[in-house]
Protein chains: 2
Amino acid sequence: MIEIERKFLVKNEDFKKSAFTKNHIAQGYLSSVPERTVRVRIKGNQGFLTIKGASNASGLSRFEWEKEISVEEAQQLLPLCEKGVIDKTRFEIKIGEHIFEVDEFYGDNQGLIVAEIELDTEETSFEKPEWLGEEVTGDIKYYNAYLSQNPFTQW
Amino acid sequence: MIEIERKFLVKNEDFKKSAFTKNHIAQGYLSSVPERTVRVRIKGNQGFLTIKGASNASGLSRFEWEKEISVEEAQQLLPLCEKGVIDKTRFEIKIGEHIFEVDEFYGDNQGLIVAEIELDTEETSFEKPEWLGEEVTGDIKYYNAYLSQNPFTQW
């Protein structure tokens, strides 16, 4: 399926007050090039294998295919991944009709906090909370696949 | 799981006489490096996603993870793959207690025929049919992932 997502930096930690979920995520990449990323993820007690294609011209939409796998399978696949496993906590916050996913990164990406919102169309409008910062949609630097190879603390 | 496989060149087409299955295979790679290959395959009316790790020191065994997916999913994923889709017919031939999988390649790999046998242990013995040629187990050149990028007709 094609996903429409917009991505933003986050100005402060006020989003944590209104989060309704909080999950630890560890993920690695079997391929980290933007044309075809293959991601292995452990999120809480679930595993996922996710394949993404290149972004379209606007940088807003991207083909995405995802299958749930067991945590055991994900644990077997993570050691095969390229160096640079991503370690983060994901918070979910409901603002108006939409849900923001906010990722607080640790390890080599410590200090980075990024918010994402999934939308039905490229034109869909949404409410912006006060903690939402600069838009970075389509900026490859903020792809997790890029961060795994070029972590934030080394920018 | 860990797979133990031995691979051979094939001297002539006599194997076709005793084949009990014959299936067309199209496959591409989301990652083609030997340390982590990610393969999308359409075999007859089935789709598969297969992830393989690096070979062990002897070149005989390799971590392999495979999930069946629908042909429609595989058709969506193939266009994301690196250039160099592999096109071949796979024949299965029973020899004694074991099954040989023989792949006859087309397109840019026309002229190449390779046989593989899966074994329980590295020491397991097996009967060799007269059409079996030189052993090429562990030779990365004969990995399909390598062939997709460096096809046989260009060697």
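Which residue of chain A comes closest to the rotation axis? Ser31(A) does, with its C-alpha at 2.9 Å. The model is predicted. Chain A and chain B are two copies related as by a two-fold rotation axis. An annotated domain and one histidine, His98(A), fill in the picture.

**Symmetry and interface**
- A rotation of 180° places chain A on chain B, with 0.0 Å of shift along the axis. The RMSD of that superposition is 0.0 Å.
- The two copies are thus related as by a two-fold rotation axis.
- The copies meet through the same surface, because 100% of the interface residues of chain A are also interface residues in chain B.

**Annotated domain**
- The UniProt record, an unreviewed entry, carries the annotation "domain: CYTH" for residues 1-149 of chain A.
- Over residues 1-149, chain A is 53% strand and 9% helix.
- The end C-alpha atoms of residues 1-149 of chain A are 26 Å apart.

**His98(A)**
- His98(A) lies in strand E7 of chain A, which covers residues 98-105.
- His98(A) has 15 C-beta neighbours inside 10 Å, so it counts as partly exposed. A buried residue would need 20 or more, and an exposed one would have 12 or fewer.
- Leaving out residues up to four places away in sequence, His98(A) touches Ile117(A) and Phe126(A).
- Phe8(A) is 90 residues from His98(A) along the chain. The C-alpha atoms of Phe8(A) and His98(A) are separated by 15 Å.

Key. Residues are numbered from 1 along each chain as its sequence is written. Chains are lettered from A and ligands numbered from 1 in the order in which they are written. This is a predicted model: local features need pLDDT of at least 70, side-chain atom pairs count only at pLDDT 80 or more; totals for chains, interfaces and linings use all residues. UniProt positions are given in the numbering used here, feature names are shortened, and annotations may be inferred rather than shown by experiment. Helices (H or I, at least four residues) and strands (E, at least two) are DSSP runs, numbered from the N terminus. Two residues are in contact if their C-beta atoms, placed from the backbone, lie within 7 Å. Copies are superposed by least squares on the C-alpha atoms of residues with pLDDT of at least 70 in both.
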